[in-house]
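Colleague: I should be grateful for a close look at a single part of this model, namely its pockets and what surrounds them. Please take the pockets in turn and set out their linings.

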Amino acid sequence: MAEEPSREAVSQFVERFAGVLANSGVPTMSARVMGAMLVSPTGTMTAAELAESLKISQPAVSGAVRQLLQVSFISRERLPGSRKDHYRIREDVFAAILERRNLALSEWEATSRSGAGLFPADSPVARRLTEAADFFAFIHTDMEQMIKNWRADHPG
């Protein structure tokens with residue numbers, strides 16, 4: 001059994017994880033909060049705990065938490081006897097995030113197809129937009145199946 005990591009090692013992991021997410025387009029503060037939430041033993045943290053853990057201001061936490069609530073990475077709850085909001089990582093969070101992204105692929109496909117329809121079928125623009133739509137449809141179908149497979153192998 002591995003021993004508990006040092007606070008320094010955990011902090012370095014959170015920053016490394018946040019950097020990877022930020023390079024993928026996730027806002028930096030939201031990425032840092034995601035990292036901190038992932039390594040929280042209970043999966044729940046208050047805004048004050050997040051600010052202290054990440055050494056950031058309460059307003060920075062507030063903005064990051066708001067964004068993470070909007071994309072369903074976390075949920076807000078009140079624990080019995082507490083007046084503070086506690087934020088919890090949602091179950092199956094990464095599959096849920098990819099499901100949302102997969103819905104966007106459907107929209108990208110539909111929009112690309114409608115754009116292709118504006119041009120003559122044999123034009124370079126129509127071919128380019130049709131190829132984009134076909135690609136988005138292909139990825140959407142595969143992603144949908146992968147998420148189903150994941151959930152079948154990892155039930156609740």
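Modeller: The account below takes the pockets in order and then turns to a helix and a loop beside it.

The model is a predicted one, and every value given here is to be read in that light. The largest pocket has a volume of about 620 Å³. Its lining comprises 21 residues, and those nearest the centre of the pocket are Arg7, Val10, Ser11, Val39 and Ser53. Several elements take part in this lining: at least two residues come from each of α1 (7-23), α2, β1 and α3 (47-54). The largest share belongs to α1, which supplies six residues. In chemical character, the lining of the largest pocket divides into eight nonpolar, eight charged and five polar residues.

The second largest pocket has a volume of about 440 Å³. It is lined by 14 residues, among which Val26, Met34, Val71, Ile97 and Arg101 are the closest to its centre. Two or more residues of this lining are given by α4 (58-70) and by α5 (93-116), and the largest share, five residues, is that of α5. By class, nine residues of the lining of the second largest pocket are nonpolar, three are polar and two are charged. As for its place in the fold, the second largest pocket lies between domain 1 (7-90) and domain 2 (93-153), because both domains give residues to its lining.

The helix α2 deserves separate attention, since α2 supplies at least two residues of the lining of the largest pocket and Met34 is one of the residues closest to the centre of the second largest pocket. Eight of the eleven residues of α2 are buried, so this helix is largely enclosed by the rest of the structure. The buried residues are Ser30, Ala31, Arg32, Val33, Met34, Gly35, Ala36 and Met37. Met34 is thus listed both among the buried residues of α2 and among those closest to the centre of the second largest pocket.

The loop between α2 (28-38) and β1 (44-46) holds Ser40. Ser40 has a relative accessibility of 13% and therefore counts as buried, the cut-off being under 20%. A polar atom of the Ser40 side chain lies 3.1 Å from the backbone oxygen of Thr44. The loop that contains Ser40 joins two elements, α2 and β1, and each of these supplies at least two residues of the lining of the largest pocket.

Note on methods
Residues are numbered from 1 along each chain as its sequence is written. This is a predicted model: local features need pLDDT of at least 70, side-chain atom pairs count only at pLDDT 80 or more; totals for chains, interfaces and linings use all residues. Side-chain values use heavy atoms; hydrogens and water are left out. Helices (H or I, at least four residues) and strands (E, at least two) are DSSP runs, numbered from the N terminus. Buried means under 20% relative accessible area, exposed over 50%, partly exposed in between (1.4 Å probe, protein chains only). A polar contact is a pair of N or O atoms within 3.5 Å; within protein, one must be able to donate a hydrogen and the other to accept it, and residues adjacent in sequence count only if both atoms are side-chain atoms. On a 1 Å grid over the protein atoms alone, a cavity is a set of points where a 1.4 Å probe fits but cannot get out, and a pocket is an open set with protein on both sides within 12 Å along at least five of seven lines; lining residues have an atom within 4 Å of a point. Grid points are joined across faces, edges and corners, and a volume is the space filled by probe spheres set on the points. Ala, Val, Leu, Ile, Met, Phe, Trp, Tyr, Cys and Pro count as nonpolar, Asp, Glu, Lys and Arg as charged, and the others, Gly among them, as polar. Domain bounds come from an automatic or database domain assignment.
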